[in-house]
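Here are my notes from a first pass through this one. Have the structure open while you read.

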Amino acid sequence: MAVRTAVRAAVVPAIGAPLEVTGIELPEPGPGQVRVKLAAAGVCHSDLSLSNGTMRVPLPAVLGHEGAGTVVAVGEGVTRVAPGDDVVLNWAPSCGSCHACTLGEVWLCANALAGAADVHARRADDGTDLHPGLNVAAFAEETVVSASCVLPAPEGIPLTEAALLGCAVLTGYGAVHHSARVREGETVAVFGVGGVGLATLQAARIAGASTIVAVDVSPEKEELARAAGATDYLLASDTTAREVRALTGKQGVDVAVECVGRATTIRTAWESTRRGGRTTVVGIGGKDQQVTFNALEIFHWGRTLSGCVYGNADPARDLPVLAEHVRAGRLDLGALVTERIALDGIPAAFENMLAGKGGRALVVF
Ligand SMILES: [Zn+2]
Ligand SMILES: [Zn+2]
């Protein structure tokens, strides 16, 4: 039997059950796998969605999918990385051979989550098999992942900041640059100022957007939003779409990015855009969130509504680009983090997300 290493991890036992921080036993990395000692892991809204069943993966699982750390061991046949290398985790590795991959749409890879059903580790207390959440199981002191789930960490950026590149920043940047394709001088509205929303605001600023409107339910996020690039801040209300239009010569913004995943917010984002405007939905909502449109308005407004998965990004291509923005001072990763916590702090971070508080909570190991 392979040698196992015991580490602490945050485990979701079943849908809706509280997260448990407990000991897990990790196997040695098998062929094509690497073991990573985590430096930091961001707490993403998708972790909450996985724990409450809005998104489904095999449970019980170790959650956490936005992280960075150092390779401590590699399995047979791994040549991409070696022990001692710093890496950023990529929760959606692409297979390179499915229809989406052959078209270059690697973020839609049909096999990205093929590893979610694998047994990743087992609980140290009762031996229960654990799955790897979104492939990478980053809410743990150490993890074992496929070598396809690690990317070289960019030079000159602390791992505690590089961790955020793996989900929030790729998603927010990708929503602006790949999905909505914001052009210099365009106007942008961002709905929802959490970790992804803040990254989206910074990306809109990098794209050269002229007016950047941030919308949130919480007055406390105004300062964070403005520091990330928002030129205007609106508290969400029944009249938000009208207020956004008022800020843009009554036309509406060129681009709206919805980072909440609720029917009313998606509808408001869409109504906030000009004729021909583009709305990108980054937020992940449940099946109960039904958005309705009438046939005449779809014709009249000529607008586009798009989904967006992992920022429609190619992590291997985009990570070095993001790193360059960080090094040049255009992208401030530290500004996304509103709280540094230990593994035990994740349940409270989930509560804060449910209450709409804060930006990114970062687990620092
Ligand atoms: Zn995420
Ligand atoms: Zn594929």
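What arrangement do the 4 donor atoms around the zinc ion (ligand 2) make? Some points on that and on the rest, bearing in mind that this is a predicted model.

1. The answer is tetrahedral: the angles subtended by the 4 donor atoms at the zinc ion (ligand 2) run from 102 to 119 degrees, and the criterion asks that all angles lie between 85 and 135 degrees. The protein donors are the SG atoms of C95, C98, C101 and C109, at 2.3 to 2.4 Å from the ion. Along the sequence these residues follow C-x2-C-x2-C-x7-C.

2. Burial at that site is worth a look. C101 is buried, with a relative accessible area of 10%, whereas C95 is partly exposed at 34%.

3. Now the zinc ion (ligand 1). Its coordination comes from C44 (SG), H65 (NE2) and C167 (SG), at 2.0 to 2.2 Å. Water is not among the atoms, so sites may look incomplete. The donor spacing along the chain is C-x20-H-x101-C. C44 sits in the loop between β3 (33-43) and α1 (45-52), and H65 in the loop between β4 (61-62) and β5, so this pair ties together parts 21 residues apart in sequence. C44 is buried, with a relative accessible area of 4%, and H65 is buried too, at 1%.

4. On the strands: β6 (residues 86-89) pairs with β5 (residues 66-74) in the antiparallel sense over 3 bridges, with V87 opposite G69. β6 also pairs with β10 (residues 150-152), again antiparallel and over 3 bridges; here V88 stands opposite L151.

Key
Residues are numbered from 1 along each chain as its sequence is written. Chains are lettered from A and ligands numbered from 1 in the order in which they are written. This is a predicted model: local features need pLDDT of at least 70, side-chain atom pairs count only at pLDDT 80 or more; totals for chains, interfaces and linings use all residues. Side-chain values use heavy atoms; hydrogens and water are left out. Two strands pair if DSSP finds at least two bridges between them. Helices (H or I, at least four residues) and strands (E, at least two) are DSSP runs, numbered from the N terminus. Donors are N, O and S atoms within 2.8 Å of the metal (3.2 Å for Na, K and Ca); water is not among the atoms, so sites may look incomplete. Buried means under 20% relative accessible area, exposed over 50%, partly exposed in between (1.4 Å probe, protein chains only). Four donors count as tetrahedral if all angles lie between 85 and 135 degrees; four count as square planar and six as octahedral if opposite donors are over 155 degrees apart and all others between 65 and 115; anything else is irregular.
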